[in-house]
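Q: Hi! I have a protein model open and I'm not sure where to begin. Could you walk me through it?

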Amino acid sequence: MPVTPPVDRLHQHLRTWLGQWPGTPPVTVVGSDARERPGWDGRVFPVIGVRTPESGVVSVPPPAAARVRAAVTTATDVETTWAALVARLPDLLGMPDRRVYEGVFRWCERPTDLPDAGEWVEVTDPVVPPWLKPFGSPVLIARDPDTGAYLAGVGIKRHDPYGHEIAVGTEPAARGRGLARSLVARAARHILDAGAIPTYQHDPTNIASARVAEAAGFPDRGWRSLGMG
């Protein structure tokens with residue numbers, strides 16, 4: 001059976017997740033039923049967007065699409081349009097008490113060749129911390145070799161069959177050992193082997209997370225994302 005190239009998986013993921021991909025410069029606003037349905041953790045995500053340096057797609061609930069689209073008709077470039085949407089989307093969606101945030105959106109075709117770290121376990125394992133449980137099974141965790149205590153872990157946001165997003169956390173006492181990058185690289189290989197594309201998002205100011213991503217094989221291609229918190 002032919003293997004779908006990673007970049008094609010990425011495009012399939014973004015079409016499924018957002019409702020359209022690619023967009024028409026500067027930004028395409030899409031009304032998607034997915035914005036009214038539960039996402040990977042059972043919550044509804046009323047806005048999601050991804051952009052490249054050239055163009056982007058912002059996905060909103062269908063009833064809000066025309067209103068949001070009208071707000072970008074005079075835009076001339078993707079960065080200006082994106083910044084304006086980050087500021088205006090809560091009001092445009094009728095959710096003024098919410099906040100739209102921007103992230104760095106990364107994806108990986110070739111994880112860095114790092115030694116495997118951790119083990120895949122069920123979220124019901126007593127050692128799994130509460131923050132990992134919403135991701136569902138399995139999760140990838142590293143334990144202290146002497147005590148068996150939890151040190152670091154990776155959860156996977158299984159957005160759709162084509163795109164799985166990696167989230168990683170390390171206990172403060174275990175930082176600086178390279179655990180996070182090895183866990184992320186191993187999880188990325190696992191996702192690619194399963195036929196999906198591994199993605200990774202982080203706050204633009206989170207330098208530690210950016211370093212983990214780069215070391216594991218997720219370069220910053222200038223892509224950005226937005227969501228609502």
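A: Happy to; we'll start with the whole protein and then visit a few single residues. Keep in mind that this is a predicted model.

Q: Good to know. How many helices and strands are there?
A: The secondary structure comes to five helices and 10 strands.

Q: And what are its dimensions along the principal axes?
A: The C-alpha trace spans about 60 × 40 × 35 Å along those axes.

Q: What does the radius of gyration say about it?
A: The protein has a radius of gyration of 18 Å. A compact globule with 229 residues would have one near 17 Å, so the value agrees with that picture.

Q: What share of the residues is buried?
A: Buried residues make up 49% of the 229. Here, buried means under 20% relative accessible area, and exposed means over 50%.

Q: What about the surface?
A: The protein exposes about 10,900 Å², and carbon and sulfur atoms supply 52% of that.

Q: How far apart are the mean positions of the positive and negative charges?
A: They are 2 Å apart, with 25 charges of each sign counted.

Q: Okay, contacts next. What part of them joins residues 24 or more positions apart?
A: If you take the contacts with a separation of 6 or more, residues 24 or more positions apart account for 66% of them.

Q: Let's zoom in on helix 2. Which of its residues are buried?
A: Helix 2 runs over residues 62-70, and Ala64, Ala65 and Val68 are buried there. These three cover an arc of only 125° around the axis, which means they sit on the same side of helix 2.

Q: Why would residues that aren't next to each other point the same way?
A: An α-helix has 3.6 residues a turn, so residues three or four places apart point the same way.

Q: Ah, nice. Which residues are on the other side of helix 2?
A: Pro63 and Ala66 are there, and they are exposed.

Q: And what covers the buried residues of helix 2?
A: The cover includes strand 1 (27-31), strand 3 (56-60) and helix 3 (78-92).

Q: New topic: tryptophan 21. Where is it?
A: Tryptophan 21 lies in the loop between helix 1 (6-18) and strand 1.

Q: Is that tryptophan buried or exposed?
A: Tryptophan 21 has a relative accessible area of 9%, so it counts as buried.

Q: What is tryptophan 21 in contact with, beyond its close neighbours in sequence?
A: Leaving out residues within four places in sequence, its contacts are His11, Leu14, Arg15, Val50, Thr52, Val57 and Trp223. As for Val57, its C-alpha atom is 7.0 Å from that of tryptophan 21, with their positions 36 residues apart along the chain.

Q: What kind of peptide bond runs from tryptophan 21 to proline 22?
A: That bond is cis, with omega near -5°. Proline 22 also has its place in the loop between helix 1 and strand 1.

Q: Where else could I look for a cis bond?
A: Try serine 137 and proline 138, which are joined by a cis peptide bond with omega about -10°. Proline 138 lies in the loop between strand 5 (119-121) and strand 6 (139-143).

Q: What does valine 123 touch?
A: Not counting residues up to four places away in sequence, valine 123 touches Val128, Leu132, Lys133, Gly136, Ser137 and Val139. Valine 123 lies in the loop between strand 5 and strand 6, and at 14% relative accessibility it counts as buried.

Q: How about proline 115: buried or exposed?
A: Proline 115 is exposed, with a relative accessible area of 60%. You'll find it in the loop between strand 4 (100-107) and strand 5.

Q: Last one: where is arginine 9, and is it buried or exposed?
A: Arginine 9 is found in helix 1. Its relative accessible area is 6%, so arginine 9 is buried. Setting aside neighbours within four places in sequence, its contacts are Val3, Thr4, Tyr162, Leu192, Gly195, Ala196 and Ile197.

Conventions:
Residues are numbered from 1 along each chain as its sequence is written. This is a predicted model: local features need pLDDT of at least 70, side-chain atom pairs count only at pLDDT 80 or more; totals for chains, interfaces and linings use all residues. Side-chain values use heavy atoms; hydrogens and water are left out. Helices (H or I, at least four residues) and strands (E, at least two) are DSSP runs, numbered from the N terminus. The radius of gyration is taken over C-alpha atoms; the globule rule is 2.2 Å times the number of residues to the power 0.38. Buried means under 20% relative accessible area, exposed over 50%, partly exposed in between (1.4 Å probe, protein chains only). Contact means heavy atoms within 4.5 Å. Accessible areas come from the Shrake-Rupley method with a 1.4 Å probe; for residues, only the protein chains shown count as cover. Lys and Arg count as positive and Asp and Glu as negative; His and the chain ends are not counted. The place of a charge is taken as NZ of Lys, CZ of Arg, CG of Asp or CD of Glu. The arc is that of the directions from the helix axis to the C-beta atoms.
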